[in-house]
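Subject: Structure handover

Dear colleague,

I am passing this structure on to you, as you will be working with it from here. Please look through the sequence and the model below before reading my notes.

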Amino acid sequence: MSLTAILSEIDGGDDKGVGKLLQKYNLENSHTFAFDHKEEDARIELCQGLLKVLRRSDHPLCQSTCLETLRILSRDKRVLGPVTTKEGILTLAGLARIHVVGHDGEPLEEAQSAEEERVVVEALKCLCNVVFNSVPAQQVGADVKLAEGLCARLPSVSSSHHEVGLFSLRLLFLLSALRTDVRGMLQKEAGAVRLLTDILERTLDVRWVGPYEAEAPKPEALPISSENNELAMEALKALFNITMSDSSDEDNDHQLRLIAGIMRHLLMLKTHTEDKTEEAHSHTINLLSNLPVRCLDVLIDIPVQGGMETYGGKNMDVVQILLDFMEKRIDKGTNYKEGLTPVLSLMTESSRYHREIRRYLKAQVLPPLKDVKERPEIGCTVRNKLVRLMTHVDMAVKQGAAEFLFVLCKESVDNLLKYTGYGNAAGLLMARGLLAGGRGETQYSSDEDSDTEEYKSAKPFINPITGHIELPMPNPMEEMTEEQKEYEAQKLVKMIDELSR
């Protein structure tokens, strides 16, 4: 499709003709992501022309077609100049019906037609692309308070306007990810944490049975619908960005504990596919890692459902889910830094602060030793897998695994060496200045771990470097004749003589 023909039609003022040509262009380029450099100037001119049409046309079909073209063009950050101006952003915000400084967006009505809603969705998609690809657009978005306008829309996000809600949340996520000032404003002024929490409550059908305890999903409950799951994931990502700001203020404890309660509920739910469930758990873990560790008691303090007497009546269902998630990520064997370290960090800090969580994880990961014939890194238990990670090439992964095991051992060097061997633990001990033994700085309860009888009897024979019993090496001279021994001795003398020359 010739860009010259489209530009000529735009200049002629025939919006219907423009629409037909653009539909053909959109069809041809719907999957185009690499553009011809020779037509760069023409595409910049086309962006200007499309904005001109959008400002003069009030026909929804023409608007949505122009916006679709603009969305395709916005994949090329070199041609975004006309769109990244204040006028360009205000035009898109108006079509997306977002109230911003300098433009009062029309309210999003329940009774609007499908064509009108398509315009809103395409405008939001354009804004997502433009904000992602252009720093000037991010600045303009902050100046016109685009994020605040999106917050005003959040109470109406629902499955009835699924795509509008989805791309509104995605745009909010991008703005909060790319601008630290926007992130702070959303947390302190716009009340975004509460608004996003409300969305999660609605989409996940949270029903409170206690201050921070959600009703447990029934065994026969259906998985989260794909639409609600998409909305929840975008809300989680935006909340993750916003809660990266300082959340140490104890006045926010109630809101943060509510989030922790919702995250516990989400970890107990299933989606339509295993991959989507894993993705939901991953975003949940990322968000939990941002919350103050004091608020994570909500994960195990479930008075209505009850817990395990062994662990002070605390409920360990979610802790087991986190452990299963960690093991699954280890078994994948790829992308450890992004996929594994968040859950390792979450469990480490939770274990350090909450005694019951540490005791439960210790029992699952480092049960009392019985068989010490194999090296700690050999085998398929969770302990074996974590010990193998202690010598991983990636520093963050290596430190994360070692720190987790160290905390489970109550930061006792002797206990850690018992489960890992000195060779595997040397990196952590050197980093902490504990090569000579001792304990970390955290204070733990005084109860001591008891060794099994099997371990006690095997302990004198364990190699502290490798952490297992090594079979005695055979003496190579036992079966030699006297002549062979003399020959080997002469050979050794000759080699020493050659080295001394």
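The notes that follow go through what was found, region by region. Please keep in mind throughout that this is a predicted model.

Helix H7

A good place to begin is helix H7, which covers residues 135-143 and whose buried residues are Ala137, Gln138, Val140 and Gly141. When the helix is viewed down its axis, these buried residues of H7 fall within an arc of 165°, so they line one face of the helix. An α-helix has 3.6 residues a turn, so residues three or four places apart point the same way. The partners against which the buried residues of H7 pack are four helices, namely H5 (86-95), H6 (114-133), H8 (146-153) and H9 (162-178).

Both ends of H7 deserve a look as well. At the N-terminal end, serine 134 acts as a cap, with a side-chain oxygen placed 3.1 Å from the backbone nitrogen of alanine 137, while just after the helix lysine 145 takes a positive phi of about 60°.

Positive phi elsewhere

Most residues other than glycine have a negative phi, and most peptide bonds are trans. Against that background, arginine 97, in the loop between H5 and H6, has a positive phi near 60°, and its relative accessibility of 16% means that arginine 97 counts as buried. Lysine 410, which is found in the loop between helix H20 (395-408) and helix H21 (413-420), likewise has a positive phi, of about 55°, although it is not a glycine; with a relative accessible area of 3%, lysine 410 is buried.

Charged residues in helices and a loop

Which side chain of opposite charge is nearest to lysine 125? Lysine 125 lies in helix H6 and is buried yet has no salt bridge, the nearest side chain of opposite charge being that of glutamate 122, 4.1 Å away. The cut-off for a salt bridge is 4 Å, so this pair does not count as one. Not counting residues up to four places away in sequence, lysine 125 touches Arg71, Arg118, Glu163 and Phe167.

Glutamate 403, in helix H20, is also buried, with a relative accessible area of 18%, and, again not counting residues up to four places away in sequence, glutamate 403 touches Thr348, Arg352, Leu428 and Arg432.

Aspartate 451, by contrast, is partly exposed at a relative accessible area of 27%, and it sits in the loop between helix H22 (422-432) and helix H23 (453-458). Leaving aside neighbours within four places in sequence, aspartate 451 is in contact with Lys418 and Lys456. The C-alpha atom of aspartate 451 is separated by 7.1 Å from that of leucine 369, although the two residues are 82 residues apart along the chain.

The nonpolar core

In soluble globular proteins, nonpolar side chains tend to be buried together. The largest nonpolar core here has 145 residues, and those with the most contacts inside it are Leu171, Leu186, Leu196, Met326 and Leu386. Helix H6 gives the largest share of this core, with 10 residues. To take one of the residues with the most contacts inside the core, leucine 196, it is in contact with Leu154, Leu169, Leu172, Ala235, Ala238, Leu239 and Ile242, leaving aside its neighbours within four places in sequence.

With best regards

Technical notes:
Residues numbered from 1 in each chain as written. Predicted model: local features only at pLDDT ≥ 70, side-chain atom pairs only at ≥ 80, totals over all residues. Heavy atoms only, no water. Buried < 20%, exposed > 50% of the residue type's maximum accessible area, 1.4 Å probe, protein only. Helix = DSSP H or I, 4+ residues; strand = E, 2+ residues; numbered from the N terminus. Arc of directions from axis to C-beta. Contact = heavy atoms within 4.5 Å. Polar contact = N/O pair within 3.5 Å; in protein donor to acceptor, adjacent residues only side chain to side chain. Lys, Arg positive; Asp, Glu negative; His and termini not counted. Core = buried A, V, L, I, M, F, W, Y, C linked by side-chain atoms within 4.5 Å.
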